[in-house]
Amino acid sequence: MPRRGLILQTRTHWLLLGLALLCSLVLFLYLLECAPQTDGNASLPGVVGESYGREYYQALLQEQEEHYQTRATSLKRQIAQLKQELQEMSEKMRSLQERKNLGANGIGYQGNKEQAPSDLLEFLHSQIDKAEVSTGAKLPSEYGVIPFESFTLMKVFQLEMGLTRHPEEKPVRKDKRDELVEVIEAGLEVINNPDEDDEQEDEDGPLGEKLIFNENDFIEGYYRTERDKGTQYELFFKKADLMEYRHVTLFRPFGPLMKVKSEMIDISRSIINIIVPLAERTEAFVQFMQNFRDVCIHQDKRIHLTVVYFGKEGLSKVKSILESVTSESNFHNYTLVSLNEEFNRGRGLNVGARAWDKGEVLMFFCDVDIYFSAEFLNSCRLNAEPGKKVFYPVVFSLYNPAIVYASQDVPPPVEQQLVRLSMCYERPQRSLLGSFVFVSQVENKISIKRQLL
């Protein structure tokens, strides 16, 4: 029994081994049948049943190249058409401009006469006529006045600085510097090459040569911009050895500069009547008369002083001060009007103006604590015109030298204080004529001019 069981177990092992070999052989044959071909036309990896040879990719590349060539040809054709249309449009514009230039007139002062179409020239002149350059304009109140800003060769005096900055500054922006330089050069061109209609006479120099002005003869200028019309410029020139001033008015109607007016102004015989309302402030009047003696009596010599005094207290002291100035300087051109009533500045200016009975005169409405120079008086003469234009600065000098110059033992002279001082502005005043004219720092001549109706 044990031998038979052993034989049966051995046969079973060999049978299982034969079945395993048979399955392995069948699997091997199956794999051989399913394996891909390994010839020269092999297919792409991962793709079963499809093969792509070299010819296929060459055909694909050729197709793409033909497509891009067709696209490039189409774009070139479109560019050529656009160039042709642009050239045709340019020719049409050129021919239209040539037809418009047939009736062109000279315009502007920029070295040479520029040409412009007649309709454009007519429009620019209409802008000048609409602006407040030659005639006045009705305004609802003083707040409707467009102020002027003044400038010299080196500085610009601006009203928009307010209470925080000094109104005097150098023009920082290049466009503003270039603008003012261009305006001064245009003014010199007008003076040195005048037209026949200019209101000025030809003058010769000391040796008989033609008188030529340059930028060193520029005294001051004013400009303002009306946002819907343009910018107006008032320029003043003067030779050191001549009494007359040259005044040029230019206007830029958002285009080239255009001359409005050029004239010669003689202020040698223009008398200024300084009207000062006063009450009690005799110490301030002493300081005022000291400046009046230095500027008006010794330098200008074309001044009449009218003092309107309110009340009785201090009246004798004021009379004594005036008599002392008369005896020391031989000055008799003053009038003292006494009013026994409460102080009223407007009332004093009105009475002082009516006290003048010697014909036409330029009135300067002044306060007792104002310091002014001879140059400022000439600015008043240049910018005021009887019956047409007033120049009425409201002077602001509200500061305490003990605070401003606290770090110094002795405050500097008044002239240097005015140069260094950053003025404080107070409320605007009204002129006797009832039209608000201007806010100004007298020494630096920031000013607003108003054309009268």
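This passage walks through the strand pairing, helix packing, cores and a few buried polar side chains of the structure.

The model is a predicted one. Its protein chain carries ten helices and 17 strands. Of the 453 residues in the chain, 39% are buried. Looking at contacts between residues at least 6 apart in sequence, 65% join residues at least 24 apart.

Strand E8, residues 245–252, is a good place to start. Eight of its eight residues are buried, so the rest of the structure largely encloses the strand. The burial applies to both faces: Tyr245, His247, Thr249 and Phe251 are covered on one side, and Arg246, Val248, Leu250 and Arg252 are covered on the other. E8 has pairing partners in E7 and E9. With strand E7 (residues 230–237), the pairing is antiparallel and runs over seven bridges; here phenylalanine 237 has arginine 246 of E8 as its bridge partner. With strand E9 (residues 258–265), E8 again pairs in the antiparallel sense over seven bridges, and phenylalanine 251 is matched with methionine 258 in E9. E8 and E9 make up a hairpin with five residues between them, and in the turn phenylalanine 254 shows a positive phi of about 55°.

Histidine 247 sits in strand E8. Its relative accessibility is 2%, so histidine 247 counts as buried. Beyond neighbours within four places in sequence, histidine 247 is in contact with Glu234, Leu235, Phe236, Lys261, Ser262, Glu263 and Ile265. Its side chain makes a polar contact of 2.8 Å with the side chain of glutamate 263, and a polar contact of 3.3 Å links it to the side chain of threonine 249. The C-alpha atoms of histidine 247 and methionine 264 are 6.1 Å apart in space, with the two residues 17 apart in sequence.

Another buried polar residue is arginine 224, which belongs to strand E6 (residues 218–226). At 4% relative accessibility, it falls under the 20% cut-off and therefore counts as buried. The side chain of arginine 224 reaches the backbone oxygen of isoleucine 146 at 2.9 Å.

Further along the chain comes an open sheet of four strands, in the order E12-E11-E10-E13 and with parallel pairing. Strand E12 (334–339) and strand E13 (362–365) are the edge strands, each pairing on one side only. On average, neighbouring strands in this sheet are turned by 20° against each other, direction ignored. Strand E10 (residues 272–278) pairs with strand E11 (residues 303–310) in the parallel sense over seven bridges, and isoleucine 272 has isoleucine 303 of E11 as its bridge partner.

Helices pack against these strands. Helix H5 (residues 282–300) lies across E10 and E11 and runs at about 165° to E11. Helix H6 (residues 315–329) also packs on the sheet, where it touches E10, E11 and E12; the direction of H6 makes about 175° with that of E12.

What holds the most contacts in the largest nonpolar core? Of its 39 residues, Ile274, Phe285, Phe288, Phe292 and Phe372 touch the most other members. At least two residues of this core come from each of E10, H5, E11, H6 and helix H8 (374–383). H5 gives the most, with eight residues. Domain 1 (145–202 + 213–266) and domain 2 (272–440) both contribute residues, so the core lies between them. One of its members, phenylalanine 288, is in contact with Ile274, Val276, Leu305, Cys366, Asp367, Val368, Ile370 and Phe372, leaving aside neighbours within four places in sequence. Apart from this core lies another, of 20 residues, among them Phe151, Leu180, Leu211 and Phe213.

Helix H8 itself is mostly covered, with nine of its ten residues buried. The buried residues of H8 are Ala374, Phe376, Leu377, Asn378, Ser379, Cys380, Arg381, Leu382 and Asn383.

How values were computed:
Residues numbered from 1 in each chain as written. Predicted model: local features only at pLDDT ≥ 70, side-chain atom pairs only at ≥ 80, totals over all residues. Heavy atoms only, no water. Buried < 20%, exposed > 50% of the residue type's maximum accessible area, 1.4 Å probe, protein only. Pairing = 2+ DSSP bridges. Axes fitted to C-alpha atoms, helices over the stretch in contact; angles between N-to-C directions. Contact = heavy atoms within 4.5 Å. Core = buried A, V, L, I, M, F, W, Y, C linked by side-chain atoms within 4.5 Å. Domains from an automatic or database assignment. Polar contact = N/O pair within 3.5 Å; in protein donor to acceptor, adjacent residues only side chain to side chain.
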